Amino acid sequence: MQEAQKGVIALVAACTVWGLSGIYYKALSHVPPEQVLSHRALWSFVFFAIVLLFQGRIGALAAALSSRRSALLLAFASAMISLNWFIFITAVQLGYATEASLGYYIFPLLSVLLGRLAFAERLTRAQGAAVFLAALAVGVLSFGLGAAPWIPLVLSLSFALYGVVKKQLPLGPVVSVTAEVALILPVALAVIWLTGGAGFLGGVQDAAMLMFSGLLTGLPLILFAYAARRVRLGTVGVLQYLNPTLQFLVAVLVFAEPFTPWHGAAFALIWGAVAVFSFSALRQERASRRAAMAATGVSAQIR
């Protein structure tokens, strides 16, 4: 099997785990979200620390937090990913998984907009049209529900800001995430201590499920990192939409959450934006490959 094929399989596996994770958090609806989040931070740290020890890179964790700039960026990243995790867990437990899936559809489009604002990255016409359609979807849903869809907005914005910070950190994904959960670990341990185990003493099944959150968080991230090194960026961008699509299907088909005509209109606009965005990304990637091949040919002729 070629490396690219292995990468696609790993990427599909990672997105599938993320997309179906709502089923896991729904099964823990009897445990308050802040307690679930605390255990997720604790067992994620344990998982990633074991990975770094196995790789002989545990010293990289201290190095990542050694400089003031790196520590501040990691602290902000930690705050954003913690907020994202908390809102997602809460949304699933309270019956708003449909809105949560919308947030992860919006996230890549919002990332493009933030890239334009933060890094002066060029925004193509197709990307601009996709962002406009996403904004229109949010407006339609706000009008239909009579209130701003805060869950998808907070989820997409927190994850997009997380991505902006990660772009400025010269760290690998495992080291970076380990440092992030290490920074929130004192708060997580305090919550677990003050709540008498934070659901951990509710029985063997609850304890096992809460411990499993470390593997559920860590494994797909490692699979994604493996895939990102082997799969073209355009393919990564398109396949990532498997995650919110599965979240949406789980919310509507498994959780039987209400799907109003306003939801239908908003999702139709979002899916249109995704189609435009994905087509543009794939076309840009083909153009880049052709330019690289042409440059290689010219260089060969010169030699």
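Does Gly214 count as buried or exposed, and at what relative accessibility? Hold on to that one for a moment, and let's get our bearings first. What you have in front of you is a predicted model. The protein's secondary structure comes to twelve helices and zero strands, so if you read along the sequence you just get α-α-α-α-α-α-α-α-α-α-α-α. Of its 303 residues, 45% count as buried. The chain also brings distant parts of itself together: among contacts with a separation of 6 or more, 86% are between residues 24 or more positions apart.

Now back to Gly214, which you'll find in helix H9. Its relative accessibility is 1%, and because buried means under 20%, Gly214 counts as buried. What does Gly214 touch, once its neighbours within four places in sequence are left aside? The list is Trp43, Ser44 and Phe47. There is a nice long-range pairing here too: Gly214 and Leu42 sit 172 residues apart along the chain, yet their C-alpha atoms are separated by 7.5 Å.

Those partners bring us to helix H2 (residues 33-55), which packs against helix H9 (residues 204-228). The angle is about 55 degrees, with the axes 7 Å apart, and the two helices are therefore oblique to each other. H2 passes H9 in a right-handed crossing. On the H2 side, the contact is made by Val36, His39, Arg40, Trp43, Ser44, Phe47, Phe48 and Val51. H9 brings in Gly214 along with others, including Leu210, Met211, Leu215, Leu219 and Ile222. Sort the residues of this contact by class and you get eleven nonpolar, six polar and one charged.

H2 has another partner to look at, helix H8 (residues 173-194). This time the angle is about 140 degrees and the axes are 8 Å apart. That makes H2 oblique to H8, since the cut-off for roughly antiparallel is over 145. The crossing of H2 and H8 is left-handed. In this contact, residues of H2 such as Gln35, Ala41, Leu42, Phe45 and Leu52 meet residues of H8, among them Val174, Val181, Leu185 and Leu189. By class, the contact has 18 nonpolar, five polar and one charged residues.

For a single residue at that meeting place, try Ser38, which lies in helix H2. How much relative accessible area does Ser38 have? The value is 5%, so Ser38 is buried. Not counting residues up to four places away in sequence, Ser38 touches Ala188, Val191 and Ile192, and these three belong to the H8 side of the contact.

Last stop: the nonpolar interior. In soluble globular proteins, nonpolar side chains tend to be buried together. In this model, the largest nonpolar core has 42 residues, and those with the most contacts inside it are Tyr25, Leu28, Val36 and Phe88. The largest share of this core, eleven residues, comes from helix H4 (residues 68-94). You have already met Val36, as one of the H2 residues in contact with H9. Phe88 is worth a look as well: leaving aside its neighbours within four places in sequence, Phe88 is in contact with Ser21, Gly22, Tyr25, Ala100, Tyr104, Leu155 and Gln247. Apart from the largest core lies another one, of 20 residues, among them Ala134, Tyr241, Leu269 and Phe277.

Conventions
Residues numbered from 1 in each chain as written. Predicted model: local features only at pLDDT ≥ 70, side-chain atom pairs only at ≥ 80, totals over all residues. Heavy atoms only, no water. Core = buried A, V, L, I, M, F, W, Y, C linked by side-chain atoms within 4.5 Å. Buried < 20%, exposed > 50% of the residue type's maximum accessible area, 1.4 Å probe, protein only. Helix = DSSP H or I, 4+ residues; strand = E, 2+ residues; numbered from the N terminus. Contact = heavy atoms within 4.5 Å. Axes fitted to C-alpha atoms, helices over the stretch in contact; angles between N-to-C directions. Parallel < 35°, antiparallel > 145°, perpendicular 65-115°, else oblique. Left-handed = near helix turned anticlockwise from the far one by under 90°. Nonpolar A, V, L, I, M, F, W, Y, C, P; charged D, E, K, R; others polar.
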